[in-house]
Amino acid sequence: EDYQLGEFPDFMRKEMAEQPEAVRRALRGRLDTRFATARLGGLRLDPRDLRAVRRVKFLGCGTAYYAGQVGANLVEELARIPADAEPASEFRYRNPVVDPDTLYVAISQSGETLDTLAAVQELKRKGGNVIGAVNVVGSAVARECGSGVFLHAGPEVSVASTKAYTNMAVSFAMLALWLGRVRDLSAHHGTRLVTAMQQLPEQIASILETDYEVAAIARKYAHAKHMFFIGRVRGWPVAREGAQKLKEISYVHAEAYQAAELKHGPLALIDAEMPSVVVVPQDELLAKNIGTIEQIKARGGPVIVVTNADLPDGLADAVLRVPRNEPELDPILLTIPLQMLAYHVASALGRDIDKPRNLAKSVTVE
Ligand code: G6P
């Protein structure tokens, strides 16, 4: 392995810092400004194949599963075809109904996760149409799928995935744009998204520059025993991935919840000792999200927001800010500060960031 730490204290920090460059690599040669679309050559699909897709299902484990949820939202928004994500680890055990008109996407950084590989084998046995979204060329999932999209994130060593997640989400934005443009997504909308994707590397770099502020917030809340991560629709997979990152490397108990579900139970847990991280995109649900924050505050719960919206002064106790882009891409940018938050909580607690207890980078056993 010639992938070295260099100036960085650990690989997670290095890999977070590499995200602008990793996204640039993922986009290179795949955006088509002339036809306002994206093209993923490795998929070996032509417009007729793309039109035949009636549903998309993303399968992955852990962070790859949450990236799949981002992908499913993007496909529904841009291509208006039904899409969802499911943990690959459950798939083969429930005798899944495999539909020939569904495009299955098996997501794996390592390409060696046994549960994901087994899902691919189950799909192939039942004649399913499965492609890979894999970072490691020549890995088991890549070979088994035969075609797919390579993530081009470069080597990822830290158990907690960062740049691979981001490149998964960016790749699914391109897939969704492509599926959308062979259907009814307008050239105007396509152009907006192509331009927006080109801005991502710079925008991610600017979020990484807020490290000092994020670290200060992390230190303030690092003593918490539990944290909620709250989001709705576009913010929901972001909340799940944020909770996952915090759990994995800091061992602080974190639970992700859909904002509207709070009132159906978890609100009972809110008190001054239970901070909530609320994901607040500048979109049509902004007023609803502000309402959620008010509900939490009214019960004495501290609130950290991660947002690109202009929120009323004093609404939240701490703000993690990201730049604005096209709303469909918000989940990509809103996740970055949550990686940084988890990193700094873990480091304030003196955890072994790259090698969290009980976890492996890729799980090749059942
Ligand atoms: C392990 C790691 C997670 C990772 C998951 C899927 O559980 O601890 O961080 O998200 O595997 O890994 P993959 O290589 O398939 O993306």
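Me: Over how many bridges does strand 11 pair with strand 12 (residues 318–321)?

Reply: This is a predicted model, in which local features need pLDDT of at least 70 and side-chain atom pairs count only at pLDDT 80 or more, while totals for chains, interfaces and linings use all residues. Residues are numbered from 1 along each chain as its sequence is written. Strands are DSSP runs of E with at least two residues (helices are runs of H or I with at least four), numbered from the N terminus, and two strands pair if DSSP finds at least two bridges between them. Strand 11 and strand 12 pair in the parallel sense, and their bridges number 4.

Me: Which residue of strand 11 is the bridge partner of Val278?

Reply: Strand 10 (residues 276–280) runs parallel to strand 11 and is joined to it by 5 bridges. The partner of Val278 in strand 11 is Val305.

Me: Is strand 11 largely enclosed or open?

Reply: A residue is buried if 20 or more other C-beta atoms, placed from the backbone, lie within 10 Å of its own (exposed: 12 or fewer; partly exposed: in between). On one side of strand 11, Val303, Val305 and Thr307 are buried, and on the other so are Ile304 and Val306. Because 5 of the 5 residues (303–307) are buried, strand 11 is largely enclosed.

Me: Which strands stand at the edges of the open sheet 4-3-5-6-7?

Reply: This sheet has 5 strands with parallel pairing. Each edge strand has a single partner, so one side of each is left without a neighbour in the sheet. The edges are strand 4 (83–87) and strand 7 (148–150).

Me: Which residue of strand 6 stands opposite Ala106?

Reply: Strand 5 (residues 102–108) and strand 6 (residues 129–134) are parallel and pair over 6 bridges. Opposite Ala106 stands Gly132.
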